[in-house]
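Here are a few exercises to work through with the model open. Try each one before reading the solution.

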Amino acid sequence: MSKSATLPQAIATQFNRGPLAYAALTLYVLVTSALLLANTRTSLLTDIIFVLFLFGLLLIYRARVVGGYKLALAAALLLGVLPYFGTQNAFYVELAIQAAIFVTLALGLNVVVGFAGLLDLGYVAFFAVGAYLWGVLSTPQIAQIAPGASPVSPSMFYLFLAVGLLVGTIFGILLGFPVLRLRGDYLAIVTLGLGEVIRVLAVNLDRPVNITNGSQGIKDIARPPLPEVLRAILPGLGDAQIYQIFIYLMALLVLGVTVLVVYRLKNSRIGRAWEAIREDDVAAVAMGIPIVRMKLLAFAVGASFAGAMGVLFAAKQQFINPPTFDLLRSIGILAMVILGGMGSIPGAMLGGALVTLLDLQLLPRIAMELSALKRQGIGIPDWFDPAQYQRALFGLLLILMMIFRPAGVLPDERRREELREGEAETSAEVEPAAQSRAASTS
Amino acid sequence: MAVAAIPTPIVRRTLRMTLASVFGPLGQVFLFVVGSAVVLSVVTVLIAVLLRGTRTDVDLVQATLVILPQVLIDGLVRGFLFATIALGYTMVYGVLEFINFAHGEIFMVGAFAGAAFGSVLASSGVLSALPVPLYVVVAVLVGMAVSGLLAVSIERVAYRPLRGAPRLVPLISAIGVSLLLQDAVRLIANLSGLGFNARFQTPNFGPPIRLAEIPVSPDRAIPLILDVRALTFIIAAILMLIGLNYLVNATKLGTAIRAVAQDRPTASLMGINVNQIIALTFLIGGALGGAAGVLFGIRVGTVNPYVGFLPGLKAFTAAVLGGIGNIPGAMVGGIVLGFLEAFVASYLSLMTAGAFSGASYADIVAFGILILILIFKPSGLLGEAVSQKV
Amino acid sequence: MALLEAENITKVFGGLMAVNSVSLTVEKGSIVSVIGPNGAGKTTFFNVLTGIYKPDGGTITFDGESIVGLRPDQITQRGIARTFQNIRLFGNMTALENVMVGMHSRLRSGVWGAIFQTPATRTEEKRARQRARELLAFVGLERRMDELAKNLPYGDQRRLEIARALATQPKLILLDEPTAGMNPQETAEATELIRRLRDELGITVILIEHDMRVVMTISERITVLDYGSKIAEGKPEEIRTNPRVIEAYLGRGAVVEAQMG
C-alpha cells in the first residue's frame, strides 16, 4: 500500500499502529475537548480550537482502532462535549447545526454527482421545495391558498420530515425524467436552469394566488414542540438553550441516518450500477443496467434528502425567502462534494464541514478582525467585507481542486483497500468484503 | 472523411466566392429574423383576438398592435445581444466540445471595461466632446481587447491543464472561474471607485428617432420611436457578424479553426498549431462577448458584476437552440430567443390582466425552451455543422 | 430451431451504408464467425444486434421474439451478452465487482432492500458474490478478483470481459475480436476458452475475429462482410477458397494467383 510513502505519511503510519494509535487518539481528543471547554468565549482562539476539535472526528475515522472504540469516542464528542459546550456558547452549536444540515445535503448531492456522475447544479431546488412545504403549511400563509384553512399543528413536524422526503422524491422524478437522457454537460446547464426556475417561481408565485409570499418570504414558521424529556435531562437551562440542543440532536440524528443509508446504497447492487454508469455508460447498458431508470433513482434519492432537510431547515430558521435558495447555495453544496472527493462519503462529510466552517466562521471572523483593525485606525475601506466574498471562495475552490486534486481531499478509497486489508487479516473462507464493510459502516 | 471537408487551399478565392461565403449564412439569419418576427406577431395578434372578450377595460387587439413595433425592436436588440454572446459559446464548443461556463462573465468584464473607459474619458473631460460613432468604435474595441485577452488567459490557466480530463472536470473549473470573476470584478470595481452599480457614461446619443405616428383614436397618436442606442446596438452587431463570417468562412485562419473543430488530431498532423487555434478561438469568442458587453452597457446605462449571468445562460440557450457548434445557428438561435423573450415580457401581463409578470416569466420561457430543444431536437434548428464523433 | 435470425439488417450513417441488408441465422449451440476487412461493418452489425444502434431496416428475432427497438439493457436481459473490441471494463472497480455488475439484471434487490439490509438482500448478495467467484474461476481469474480492472494485464482484461458477459446469464454471446493483440500462447488459451463457453456452458457464440487460424479452427459457419454487405457465407473450408473473399482481403491479383496456383 505504501510503497513510496512521504515522510509525513511515514510518521502518520508510525503513530497509527497498535497501542500507540489508541494512546495518541485518546490524548488528542481529551486535549482538544479540554481546551474547548476551557475557552467558551467566542474568539479567534476558540475558532481554532473548535476546528481542531472537529478535526478529531476525522482522526477517529482514520485511526486504526477497533470500531467500537471509534464509535464510543465519536459519540462522546458529538453527544457529550459538543452539546455541553453549546450550553456555554450558542454560536458554535449553531455552527454545528448548520454544518450537520449542509453535510447531509452534501451527502445527498454526492449520490447524484459522486455515485452516478450526474452534475446537478440545481440541487437547492429540492431543498427549497421541502422548506416551502413546511413554511407554507405551518403558517397562516396556508389561508392565502385555501381560504379558511388553518396551519398544521407544529407537532406534525416529524410527519412532515417524511412528507418532505416524499415530495422531494416526487419533484426529483418530475424534474429528472425529461432531462436525464441528456449528456453530462447539457444536464448540468439544464439543472441550473431548473434551479433558477424554482427560485423565480418562489419570487413570483405571490400572484395570482399568493402561495410563496414572493420576495418577502415566509416568517414565523412553526418549530416542533420541545420534548419534555430534554427539559428533564438538562435541568437549569433556559428553554432557548435546550431548544438549540434539541435542534442540534435532531440534525445529528438525520445526518446519522443519512450516512447509514448512503453507505448501504453505495455498497449494494444499486451502488454498483451507479458506479458502472459513471465509469462507462455504454458498457453499463450492455451489461443489462437500465441507465435512465438508475439515473432517475440517483436523482430521486438525492432530491429526497434535500426535501427532508428543507423541512428541518425551515423549522430551524423560522424564516425563508427566495435568496436562501439561489444558485450560489447549489454551488456551495457542489463545492463541498468536490472538495471532499466526488463519490466519497467521508469526503462529502469533510467537505461539507469545511466549507460550512469557511463560509460561516472563517470569512466572518476575518471580517471582524478587519473591522477591529479599522477601529485602530488602519485604513480598511468600509465596503470590504470578506464575508461577502463567498463566490470568490467557492470559485477558487472549484478551480484549484479541478486542477490540482480532482479526486478531492479525502478521495473515495473504495472497498478495494478495505478488501485487501480484510483478506490479509482473516482466513480466506469468510467473506472479507462483507466483514470490512460492516466495520466501515460503524 | 474529415479531411475531405477542408477545402483545398490552392484555389484562389474570387470576390464572388468570398461574398457568397460571408453573406450566405447571413441570408439565412435574415430569413429567420423576418420569419420569427412575422410568426410571433401573427400568433400574438390571434391570441389577442381570441381573448378580446375577457377584457372590458381595454381593447386587447388595439393595445397589442400599438406596442407591436416597439416589441419587435426590443426583440431585435435582445436577439443580437444573445447572438453575439452565443457565438462565443458556440465557437469554443465547436473546437473543444466544452461549455465555457464563464463566458457570461467575460461579457460582463467587457461591459465593465467600457464603463471604466467611459469614466476615464469623463473625468478627463473629453467624453462629451467625442463624436458618438467614434466613441462607440473605440469603446467597443476596448471591450473587445480586454475580454478577448481575459478569455485567452482563462483558457491558458484554468482550462488547458484540464484538456483530456473527463468532460465534467473543465466544466466545474469553468463554473469556478465564473464565480471568481464576479467577485474579482466586484472587488476591482469597488477599489477603483466605479462602484458595484457602475454608471456607464457615454456622450449624448441625442433624442430618440421618431419613425412614425400610430393613430390610436382620431385625437390621439402614439409615436413609434427608435432609441439611438438600440439602433447602435443593432448596427454594430450586424457589422460584427459580417466580420466574423468573413473571418471564419473566407480566410486561412477560419479554415484552420474549422479544421480543428472537425478533427483535432488530424488538423495537428496537417501542421496546424492546435493550441494556437484554440487560443484564437477563445480570443475571438471573448472579443465578441466583450463587444456585446460594451454595447449592452451603452444601452442600459449601468452595469454590475452579476449582469453577465442571465444573458450568459440565455445565450447558451440560444446556441443550443440554433445547434451548438454551428456559427449561423448561434445567430439564428439568439434572434429567435430574443424575439420570444420580448414577446413574453411585453404581452404576458397584458394578456393575463397583470396576473403574471411578463419580465419574470420571460426567464422561465427561456429555460423551458432550452429543455424542450435538448429533449426533442438536441441538434438545434440548424443541425450540427460539426458531425458527432462516435 | 435458430436462436438468432437477423434478416436484411441495414444501418445508414449519413450517406454511408455501414451495414447493407445483411442476414444471419445462428443455430442454437453453434459457434459462428463474422469476418471481413477493417471497416466492413462487423462491429456496427454487433451494435445493431445488441440494440446500441437502431437498424434502419430489417428484423431481428431472438429466441422466437423480435428484439428490434428494445433498449440494449432489455436485449441483455433477454439473453444476449457481448464484449467490446476496445475493451470496456469498469476500470476503477475490482474484477469481482465488474462481474457482479454483469449480474445486475438477474438480481432483484432494490433500494429498500439495500437500505434496510433485508435478509433477502443479504442472501442474494452473498450468492451473487459466490457466483461471481465461480465465473472468475471459469475464466482463470480467481486469483485476481480483488484487483482493479485497469491494473490487470491485457489478456486478463479480455478474459474478465468474457466473465462479466457470462454474468448476465446469456444464451448468446457476441465476442468482438477476443484475441486481438494477443500472442500465440494467449490466443490458443482464448480459443480454448471460447470453445468451453459452448461445450461446458452451452452458450451460442458469435465471433468477430481477424485471426484466421482462430476463425478456421473454431467456427462452424462463417459470414464474410465487405463494405457493409455480406459477400459470402458457409463452412470454413468453403470460405477459404471463395474467390470473392480472397479478393476482399487481398485484392484482385491474389484471386488470379490463387486460381492459377
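**Exercise 1.** In which hand, left or right, does H10(B) pass H12(B)?

*Solution.* Keep in mind that this is a predicted model. Start with the geometry: the axes of helix H10 (residues 309-322) and helix H12 (residues 358-376) of chain B come within 9 Å, crossing at roughly 30°. The crossing turns out to be left-handed. Next, look at who touches whom: H10(B) brings residues including B:Leu310, B:Val320 and B:Leu321, while among those on the H12(B) side are B:Ala366, B:Ile369 and B:Leu370. Sort the contact residues by class and you get 8 nonpolar, 1 polar and 2 charged.

**Exercise 2.** Which strands stand at the edges of the sheet in chain C, each with a single partner strand?

*Solution.* Write down the order first: E6-E7-E8-E3-E9-E10, an open sheet of 6 strands with mixed pairing. The ends are E6 (80-82) and E10 (229-234), each with a single partner, so one side of each has no neighbour in the sheet. Now zoom in on one pair: E7 (residues 172-176) and E8 (residues 204-208) of chain C run parallel, joined by 5 bridges. There, C:Leu174 sits opposite C:Ile206. Finally, add helix H1 (residues 42-49) of chain C, which packs on the sheet and touches E3, E6, E7, E8 and E9.

**Exercise 3.** Where in chain A does pLDDT stay under 50?

*Solution.* Begin with the chain average, a pLDDT of 85. Then compare elements: helix H6 (residues 124-137) of chain A has the highest mean, 95, and helix H19 (residues 432-441) of chain A the lowest, 39. The stretch you're after is residues 415-442 of chain A.

Methods:
Residues are numbered from 1 along each chain as its sequence is written. Chains are lettered from A and ligands numbered from 1 in the order in which they are written. This is a predicted model: local features need pLDDT of at least 70, side-chain atom pairs count only at pLDDT 80 or more; totals for chains, interfaces and linings use all residues. Axes are lines fitted to C-alpha atoms, for helices over the stretch in contact, and angles run from 0 to 180 degrees between N-to-C directions. Helices (H or I, at least four residues) and strands (E, at least two) are DSSP runs, numbered from the N terminus. A crossing is left-handed if the near helix is turned anticlockwise from the far one by less than a right angle, and right-handed if clockwise. Two residues are in contact if their C-beta atoms, placed from the backbone, lie within 7 Å. Ala, Val, Leu, Ile, Met, Phe, Trp, Tyr, Cys and Pro count as nonpolar, Asp, Glu, Lys and Arg as charged, and the others, Gly among them, as polar. pLDDT is the predictor's confidence in each residue, from 0 to 100. Two strands pair if DSSP finds at least two bridges between them.
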